[in-house]
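Reader: I should be grateful for a close look at one part of this model. Please set that part in the context of the whole chain before turning to its details.

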Amino acid sequence: MPRTFSGNLAGGISVLAGWLLFSAGCQPQQPADHTDTQPSTSSQPALHHREKPSAQAVRDSVILYARQIARTVAQHLQAEVVRALRTGPEHAIRYCNLQASPIIDSLSQQWGVRVRRLTHKPRNPNNEAKGHARQILQTFLEAVNAGKNPMPVAEYHDSLQGWLVYLPIRIPSPFCLTCHGIPGRDIPQPIQTALAKYYPEDRATGFRVKDLRGMWEIWIPDSLARTFSATKPS
Ligand code: HEC
């Protein structure tokens, strides 16, 4: 499946003939509205309305779903990290090193989506945001620097047969600083030692609470998006 979408997506955004562009969906980071995601109303007898969900409603449903996925994955990861920390700092770092990606991947598979964490300051070099994703992350960084809350981005990519949703990840609490804060101040020495061992090129330190740590990239196939957008009309 499309591991390939990790690459530069600049060329992958296509605008299908007949798409309607809504004013709310025409910002640069939202290149096109995908208006043909709605199912035929005849196969949806439970719908109480006769109108198809608007492009904005479909987008909102996709973002809502992505948020739920991100929250669940984050909770899961945090619970595992807390558990691993009890066994000791070295173990915790080694555990993250070995298990973070498999945990994310297995949850993704369970839901039929694909989830990645991308960042401008990677600890794991595989998580570095590049190309199109990096540009989106840049808009998030600019928003945070301007004291604003970055807005999620949802794009339909015809080449991926689905949506890519980008959600900002901000450092929610001092807990994260144990491993992502300022070395020598927030990060205890044993953790620093373990980080140096497993991540010699670590760039994921120096953060403070509320800083932008990175973002979620969540691919939601159109087949899945159609099912829940049908139940969330505008
Ligand atoms: C016990 C140490 C530890 C704590 C606490 C911790 N992290 Fe991490 N974090 C790591 C490690 C190790 C990785 C690299 C995982 C990998 O190899 O995939 C990582 C990776 C990440 C990534 C992926 C991007 C990258 O740099 O590879 C994000 C995003 C992230 N952490 C956010 C957080 C947030 C937010 C919190 C607080 C809720 C947090 N972390 C708490 C150790 C920690």
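Author: The protein chain contains six helices and four strands, taken as DSSP runs (H or I over at least four residues for a helix, E over at least two for a strand) and numbered from the N terminus. In order from the N terminus, these elements follow the pattern α-α-β-α-β-β-α-α-β-α. This is a predicted model, in which local features need pLDDT of at least 70 and side-chain atom pairs count only at pLDDT 80 or more, while totals for chains, interfaces and linings use all residues. Residue numbers start from 1 in each chain and follow its sequence as written.

Of the 234 residues in the protein chain, 31% are buried; a residue is buried if 20 or more other C-beta atoms, placed from the backbone, lie within 10 Å of its own, exposed if 12 or fewer do, and partly exposed in between. Contacts are pairs of residues whose C-beta atoms lie within 7 Å. Among the contacts with a separation of 6 or more, 70% join residues 24 or more positions apart.

The part chosen for close inspection is the nonpolar core and the elements around it. The largest such core has 34 residues, and V62, A66, V165, I218 and I220 have the most contacts inside it. A core here is a set of buried Ala, Val, Leu, Ile, Met, Phe, Trp, Tyr and Cys residues joined through C-beta atoms within 7 Å. Two or more residues come from each of α1, β1 (114–118), α3 (131–145), β2, β3 and β4. Helix α1 gives the largest share, nine residues. Apart from this core lies another, of eight residues, which include A92, C96, A194 and L195.

Helix α1 therefore merits attention as the largest contributor to the main core. It has 32 residues and spans 47 Å from its first C-alpha to its last, close to the 46 Å expected at 1.5 Å a residue. Its buried residues are A55, V58, R59, S61, V62, I63, Y65, A66, I69, A70 and V73. One of them, S61, counts as buried because 24 other C-beta atoms lie within 10 Å. The C-alpha atom of S61 is also 7.9 Å from that of A225, although 164 residues separate the two along the chain. Just after α1, G88 adopts a positive phi of about 130 degrees.

Strand β4 (212–221) meets this helix through I218, which touches A66, I69, A70, V113, V115 and V165, leaving aside residues up to four places away in sequence. Strand β4 also pairs with β1 in the antiparallel sense over five bridges, where pairing requires at least two DSSP bridges between the strands. Within this pair, R114 has W219 of β4 as its bridge partner. In β1, five of its five residues are buried: R114, R116 and L118 point one way, and V115 and R117 the other way.

Strand β2 (residues 153–157) is likewise mostly covered, with five of its five residues buried. V153, E155 and H157 face one way, whereas A154 and Y156 face the other. Five bridges join β2 to the antiparallel strand β3 (residues 162–170), and A154 stands opposite V165 in β3. Four residues lie between these strands in the hairpin.

Two loop residues draw notice for their backbone angles. Most residues other than glycine have a negative phi. Q161, in the loop between β2 and β3, has a positive phi of about 50 degrees although it is not a glycine. Q161 is exposed, because 12 other C-beta atoms lie within 10 Å. K210, in the loop between α5 (189–198) and β4, has a positive phi of about 85 degrees and is not a glycine either. With 11 C-beta neighbours inside 10 Å, K210 is exposed.

Finally, the ligand has 26 residues around it, of which C96, R123, N124, C176 and C179 come nearest; a residue is near if its C-beta atom lies within 6 Å. Two or more residues of this shell come from each of α1 (55–86), α2 (89–111), α4 (177–180) and β4. Helix α2 gives the largest share of the shell, six residues. Helix α1 and strand β4 thus recur, giving two or more residues to the shell as well as to the main core.

Methods
The expected span of a helix is 1.5 Å times one less than its number of residues. Two residues are in contact if their C-beta atoms, placed from the backbone, lie within 7 Å.
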